[in-house]
Structures are given as C-alpha cells and as structure tokens.
Number of protein chains: 2
Amino acid sequence: MASMKEIAQKAKVSQATVSRVLSGHPVVKPETRQNVLYWAKKLNYQPNAAARSLAGSSTNLLGIIFPEIANPFFSEILDALEEAANFEGYQILLNCTHKSIDREKNILNELKRHNVDGIITIPVSSDDSAQYYKALNLPVVVITKQMEGFNSISVSHYQGGQKIAQHLHSLGYQKVGYVGPVNQSTSSIKFQGFRDFIAEHDMELSDVIETPVPATIDSLVMYQTTKEYLNSYSLRSQALFANDDVTACDVIRALSEKGYSVPGDVAVIGFDNSLLAKKMYPSVSSLSQPLHEIGQQAVHLMLRILNGEQTEVSSYLLDTRVISRDSTVSTITA
Amino acid sequence: MASMKEIAQKAKVSQATVSRVLSGHPVVKPETRQNVLYWAKKLNYQPNAAARSLAGSSTNLLGIIFPEIANPFFSEILDALEEAANFEGYQILLNCTHKSIDREKNILNELKRHNVDGIITIPVSSDDSAQYYKALNLPVVVITKQMEGFNSISVSHYQGGQKIAQHLHSLGYQKVGYVGPVNQSTSSIKFQGFRDFIAEHDMELSDVIETPVPATIDSLVMYQTTKEYLNSYSLRSQALFANDDVTACDVIRALSEKGYSVPGDVAVIGFDNSLLAKKMYPSVSSLSQPLHEIGQQAVHLMLRILNGEQTEVSSYLLDTRVISRDSTVSTITA
DNA sequence: CAAGTAAATGAAAGCGTATTCATTGTTTCA
DNA sequence: TGAAACAATGAATACGCTTTCATTTACTTG
C-alpha cells in the first residue's frame, strides 16, 4: 500500500503537505494540490485507517448493536443502516447481544478499543443498559425504543397499539384479543395503548394470550402458547392483535390448524410491517414502522451529533400507519 | 482509556514488559506478570486497536461482503457469521454490494485501508469479481457459491436441483415446472440439476416461468411474472419448483389468487429453507441449506487460513436435504 | 525600498503498541 | 573463581498519520 511518504517523494513535497492536501486543508497552493492529487491517484493511495485513528482524527467507524439479525424486523433496519452509513463514508462494526446484558457490556468494551466514532444501538434493557452506555462517553443513538437520557429514533408504541385497536374498531370488530408478552417493556406499552382505546370505545378485550419473550426468531413458543390456549379455551375474540409480525404468523398457523379461517372466523393483525407480513398468504395486516427510515435517520442523527450540529438530547418519534391487508376485513354489512 | 504506559508506571516496569505480559509472551517472571495483570485489570485496560494494527500485528477485523441484508437467506447466515466471529474474538465490518461490481470494488478498497485480517464474501459475480479479490492479496473465503481459485463454503446447487426433482418424483408428481431466472449462474445450475433428473426419470418439464433476477427482496417481479404467466397460459404442472423461498411465496400468492389451491391443485417447493418457508402457512417445502453452518464454517476456515493451518485452496460443499412441509404432499393413492 | 504581513511549506512531535537490541543480574561449569 | 551462558527487563525505534510550530518565500504598503 502506498503511503503519504511515497507520494511526498514523488511529488517532491513534504509528507505534511500531502496530508494537508488529502485531508482538504485549504492553505495549499493549487498547483501543489494538483500535483499531490495526481500522484495519490496514480499510486492508488488509500489512507491507513489505523494511523488516522491513532493520530487522533476520527475513525469513520460506527458501532452497531442489535439483539439479533435473523429477525426480519432487525435485518431490514440493518440494511438501511448499512446503506446510509456507507453512503456517508462510514464503516459498520456489527455486534449482537442476543439479549444478554453481559454480552452487551463486552461489546461496548470492544467498540471502545476500536475507537468507534459513535454507536447506534437497540439496547438490551432501557433501564439496566443505560449506565454502561453513559460510561463510554461516546455519541449514542438508540433506535426502535427510547432510553432515558439518550437520543433515539423510534415510533410511539403506545399510539401504535391505539391505532391497531382503532383499525379493528373501524372494521367493525367489537370483541378483540391480544397475543404477546405482557410484562416486557415495549410489548406492554403497545398492549396498554390497545387496551386504552378499547376502554374508550365500544369494544371488549375478550382474550389475552400471554406468551414469553422468545429467545430467537426460530422459537416456536408463540405458536405453542397460542395452540395451548386454543385447546384450553374457546376463543371469544373476532380479531387478534399479535404483538409483532412473527407472532402474527404463528397465531395464524395455530388458528388455521384449529380450524379457524383467517380472516373469515378471526382476523389477525401484526406489528412492524416487516417482510413476513408482506410475503405471507393471506397477507398480514400490520402497523407499519418505517424501518428504512429508522435506519437512515439514525445515521443522519449520528452525523449531526458528530458534527456538533445537535447537542441536546432528543427522542424522535416517526410516523406509523396501519397497513390493511388480507388478514383483516370489514365486518360491516350494508 | 488506560494505556500500557500507565500500567507500566503503576507496576513499576517498562512499557515493553507490559506489552510482553499482555500479549502472552513467555519470558516474563511470574511475579512481574501477576503484578502487571493486576494493574491491567484494575485500570480496566483495553488495548487500542489502532495502535495494535499500526504496530504491525493483526487487527482482528473481518470484512464481510453481502449482496443485501434484508433477505432472510442472507440475514440468517450473517447471524451465524457474527456469532462465530465474535466468539473467536473478531469484529465484523459489514458491507453490501447491492449486486453492483463498482460498489464491490469500493468496498474492497475500504476493507484494505482498515487492514482487515481477511474477507468473507458473497461476490457479485464469480467471473468478474475474482480479479479484484486476487489483487487484494488477503485471505478470502467465498460463501454460498464457488469462485475459481478461492476457498469456499457452499452447497451443490446442481445436486440441490436434483434432490428437489427427486422429492417431487417420490411424491408422485409427474408433470413439473420451474419458476426463476434461467440465465443467472446459481439459478441455472439448480435448474440444470432439476432438468437432468427429470430427463432421467419418468417426468416432464411442463412449465418454465422465467423471471428476472430481482434487485431487492421487496421486488414483486416474481409475483408479477408468475401472475402474467398464469393469465396467459393454463398451467400444466402438478408441482412447481421455485428458485428460492422468496419466489416460492410469490408463486403461492399468484397461484392462490388465480384460484389454485396449494398443495391441492399445485404443489410448490422452494430452495434455501429460510425463515419464510418455515413461517408461511401453509408452510413451504424447501431444500435446506445449512445456513448457520455455512456462517460458522466460513469463520473457522478463515481462522485456519490465518493460522497457516490451511494453505491450499479448497471448496467445501455442505450437505443439503429436502424439508417436506405443507406445500407438497403425496399424490400416490393406495 | 525597507519593513512588516501573509501565504506556503517543511520539520518534528506524538498517538499506543510490538519488537529488536542492549543491558543488567543470576546461574552454571570448567 | 572467572568466564560464559542465560533469564529478565529496559531503552529505543517504527508503524502512517495529524497537527503544531518554525521557516522560507512572496507580497503589500508607507
């Protein structure tokens, strides 16, 4: 690899001048600049990232922390994140917590030693993780959820739950149910919004199928829990709100296997509007989170922080909307 | 961040000795070692990656090059890759080509300047990409396909096509069809295996629905092409082989919308055994590629190369097997 | 035209580590 | 007991870059 030293020799200038040219420092005579650029190009010069980092400038490295990747919800965001970051000249260091806070701590150490310029993260826990991120003293952008004292890009899960209920209400469903975790942070907020809307309108929460938080995307626990519920109770709901699209798929399977037709007998609506909801047949209605935009905005927010254009901490909430598909239909007959 | 210098001061030894202890160099007196380790721990020492890199040792950085991430096929592999790499103490630098060879060239430059120890890649083109990888002079492991002159971890797509045909044959399907690209490298190999098996057994290739190669996972082009075909021709096949699981989903939708029941009227089988095939209802039969294993083995192969334990170039082909699900059923009546 | 100022560049230090080479202290063996 | 071999450590250098400070050159102005 060609170094600045070689360029300096060829161009008959000092290495300092080469550095100035290549880092866009203004005080260089145009002719000198041209000459240096000529040789840089000719030698296919690539700045050594380690040397740059060591010399104190930025690394153009962004640490990314996700719970897992195989989940389409996450991978779609990651896709957008990668695209935006690379467009802006940043490389991405990808790490998964698998929802373990110990793993998260280790990752933070790793990222620190690599001198990342900033971190974009889906933290393990909005409560417990905060202190470790604080201790880093690095720019952090939290996505898909909020964390006290940190910049974040997310959606209102409470409002999301409301919109789901509203959607079902507008289609004429009166008895509705919920499938998902009840005591987990994000899920319970969705559920709360859902319940609050129900309470304020002429609706009834007829079934609550509480599931554990699945460890991985391959987990069948939502399917199994739903199946067991259907074996034990007779379903009273006309429509079910599944906490996310993965759950929605599992619920549809459990329902179908028990002889319910979707949406004929029971409607189902998911959350996230991830790939699964789109590709399923019948396609699954869902609350759309702008996944691509979340990734993109996270990167742009990070850049603003790095450029000092944004100093105060703020949470951005992006818009959501219900995408109505095959799994929910109007029950209102003329 | 604490540096070796600080540890050296506290432990009253030279920085060189600290370096020796921390990099496991043997010639240090046990007491000295203990003392240094004590202080390293106490100061929560984290080695500076840039300095290490610059001083000539390895970076523990692995470059990863994928076409896209949002596709479940890729994201499942990525998940395994990340897990294995981190377990082995490596960080992952993630990049997407979006199937552009120019983008791929740029990525290679980026990775080079970051001094990655090696690259694990799904190259854009097995023919055109090779030269750029060669020029890097870095360890490279190709995955999910083969590239002349490079180490690779993949499956036999030809044999995969054969196995699909064999599966359909064993279930009693005689007239079968294919949906997918016809002139793209990997796809056409699958198709060839499929055709060859058909030719050698009492089967007939009744429909070929040629689709373009979709640009992204969100593309509806496979669905549209299938729909158009169904509008123009009457389907003669009893079973369709879809080039991958995403296509299989689209085919099922198109068929269902045209009034065909799956698998009642037409069976469908996919390729990859990705998340989509598992989560769909009815679930989709598919040829299972060991996605997790591909990721894991790629990392382990890379480590063997880096340790000099593997010097000659070789292609590893992992086992595949047909996963029979709801979308294919036996037509043989007793 | 001298003196002072601005523009352009070079020399050198420093970032944190690995590593070579030199040095010190300790042991071994003739 | 003296020299040689060895074990343990320190001093110093290099890696490629950014940045400060000093120097040179060119230009302005009274």
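How do the residues of the surface near DNA strand C divide into nonpolar, polar and charged? Keep that in mind while you open this predicted model and select DNA strand C. The split is 12 nonpolar, 7 polar and 5 charged.

**Stop 1: DNA strand C**

Show the protein residues around DNA strand C; there are 24 of them, and A:Ser14, A:Arg20, A:Thr32, B:Ser19 and B:Tyr45 come nearest. Now color by helix. Helix 2 of chain A, helix 2 of chain B and helix 4 (49-54) of chain B each supply at least two residues of this surface. Helix 2 of chain B has the largest share, with 4 residues.

Next, zoom in on A:Thr32. One of its polar side-chain atoms sits 2.4 Å from a phosphate oxygen of DNA strand C. Then look for backbone atoms that approach the bases. At A:Ala55, a backbone N or O atom is 3.4 Å from a base oxygen of DNA strand C. Over in chain B, a polar backbone atom of B:Ala51 lies 3.5 Å from a base nitrogen of that strand. Taking the atoms of DNA strand C within 4 Å of the protein, 58% belong to sugar or phosphate and the rest to bases.

**Stop 2: DNA strand D**

Switch your selection to DNA strand D. Here 26 residues surround the strand, and the closest are A:Gln15, A:Ser19, A:Tyr45, B:Ser14 and B:Thr32. Of the strand's atoms that come within 4 Å of the protein, sugar and phosphate make up 58%.

Pick A:Tyr45 and you'll find a polar side-chain atom 2.4 Å from a phosphate oxygen of DNA strand D. Hop to A:Ser19, where a polar side-chain atom is 2.6 Å from a phosphate oxygen of DNA strand D. A:Asn48 uses its backbone: an N or O atom there lies 3.5 Å from a phosphate oxygen of the strand.

Which helices should you highlight? Try helix 2 (15-22) and helix 4 (49-54) of chain A, plus helix 2 (15-22) of chain B; each gives at least two residues to the surface near DNA strand D. That surface has 13 nonpolar, 8 polar and 5 charged residues.

**Stop 3: two helices in chain B**

Finally, leave the DNA and select residues 72-87 and 291-306 of chain B, which are helix 5 and helix 13. Their axes come within 7 Å and cross at roughly 40°, so helix 5 and helix 13 of chain B are oblique to each other. The crossing is right-handed. Show side chains at the contact: helix 5 of chain B brings residues including B:Phe73, B:Ile77 and B:Leu81, while helix 13 of chain B brings B:Leu291, B:Ile294 and B:Val299, among others. By class, this contact has 10 nonpolar, 3 polar and 2 charged residues.

Note on methods. Residues numbered from 1 in each chain as written. Chains lettered and ligands numbered in written order. Predicted model: local features only at pLDDT ≥ 70, side-chain atom pairs only at ≥ 80, totals over all residues. Heavy atoms only, no water. Near = heavy atom within 4 Å. Polar contact = N/O pair within 3.5 Å; in protein donor to acceptor, adjacent residues only side chain to side chain. Nonpolar A, V, L, I, M, F, W, Y, C, P; charged D, E, K, R; others polar. Axes fitted to C-alpha atoms, helices over the stretch in contact; angles between N-to-C directions. Parallel < 35°, antiparallel > 145°, perpendicular 65-115°, else oblique. Left-handed = near helix turned anticlockwise from the far one by under 90°. Contact = heavy atoms within 4.5 Å.
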